[in-house]
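Here are a few notes to go with your first look at this structure. Keep the viewer open while you read, and take the points in order.

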Amino acid sequence: MANKIIGVASDHAGFPLKQYVLQYLEEKGIEYKDYGTYSDRSCDYPDFAHPLAEDIESGVVSCGIGICGSGEGMAMTLNKHHGVRAGLVWNVEVAHLIRQHNNANCIVLPGRFITNREAAVMLDEFFKTPFEAGRHQLRIDKM
């Protein structure tokens with residue numbers, strides 16, 4: 001996944017972590033598209049989540065990274081879109097499982113509750129973990 005364009009979106013609460021994530025992607029040589037927000041000024045996460053989700057659905061980006069304060073609002077909004085499987089991640093094991101079992105194409109980070117270092121470790125795990133398919137594909141087909 002990491003060799004394609006990654007979409008990144010946040011609200012104001014996720015903006016500081018988003019800035020770190022963009023730096024992380026640049027250091028890894030991963031191309032990305034920034035959907036905003038572009039400051040820590042109060043805003044609404046759906047305004048950034050919907051365009052990211054639409055581009056995941058259409059293939060403009062291969063996967064996404066969503067960030068808001070708790071991660072919940074961003075995940076809920078992203079998952080309203082057919083073809084988007086966004087998983088809220090708070091530790092490395094969950095980052096692994098949303099890829100391995102759920103074939104997640106969007107990782108959501110809770111900007112107010114994790115450190116930059118934790119985010120980097122979770123992103124590393126998300127990008128390197130393959131989808132296991134098999135019995136898990138049967139479940140995804142039911143989504």
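**Salt bridges and a buried proline**

1. Let's start with Asp 55, which counts as buried because its relative accessibility is 13%, below the 20% cut-off for that label. Do keep in mind that this is a predicted model.

2. What does Asp 55 pair with? Its partner is Lys 33, and the salt bridge between them has its closest N and O atoms 3.0 Å apart. The two come from distant parts of the chain: Asp 55 belongs to helix H2 (residues 46-58) and Lys 33 to strand S2, with 22 residues separating them in sequence. Lys 33 is partly exposed, at a relative accessible area of 35%.

3. How many salt bridges turn up in the whole structure? The search finds four. Another of them joins the side chains of Asp 34 and Lys 18, at 2.7 Å from N to O. This pair also ties together distant stretches of chain, with Asp 34 in strand S2 (residues 32-34) and Lys 18 in helix H1 (residues 15-28), 16 residues apart.

4. Is Lys 18 buried or exposed? Lys 18 counts as buried, because its relative accessibility comes out at 0%. Asp 34, across the bridge, is partly exposed at 23%. So if you're looking at this pair, remember that Lys 18 is the buried partner and Asp 34 the partly exposed one.

5. Helix H1 shows up again in the salt bridge between Lys 28 and Asp 124, where the closest N and O atoms lie 3.3 Å apart. Lys 28 sits in helix H1 and Asp 124 in helix H5 (residues 116-128), so the bridge links parts of the chain that are 96 residues apart. Both ends get the partly exposed label: Lys 28 has a relative accessibility of 47%, and Asp 124 has 29%.

6. Now for something other than charged pairs: have a look at Pro 110, in strand S5 (residues 106-110). Pro 110 counts as buried because its relative accessibility is 5%.

7. Which residues does Pro 110 touch? Leaving out anything up to four places away in sequence, its contacts are Cys 68, Gly 69, Ser 70, Gly 71, Leu 88 and Val 89. If you'd like a distance to check in the viewer, try Pro 110 to Asp 44: they are 66 residues apart in sequence, and their C-alpha atoms are 15 Å apart in space.

Methods
Residues are numbered from 1 along each chain as its sequence is written. This is a predicted model: local features need pLDDT of at least 70, side-chain atom pairs count only at pLDDT 80 or more; totals for chains, interfaces and linings use all residues. Side-chain values use heavy atoms; hydrogens and water are left out. Helices (H or I, at least four residues) and strands (E, at least two) are DSSP runs, numbered from the N terminus. Buried means under 20% relative accessible area, exposed over 50%, partly exposed in between (1.4 Å probe, protein chains only). Contact means heavy atoms within 4.5 Å.
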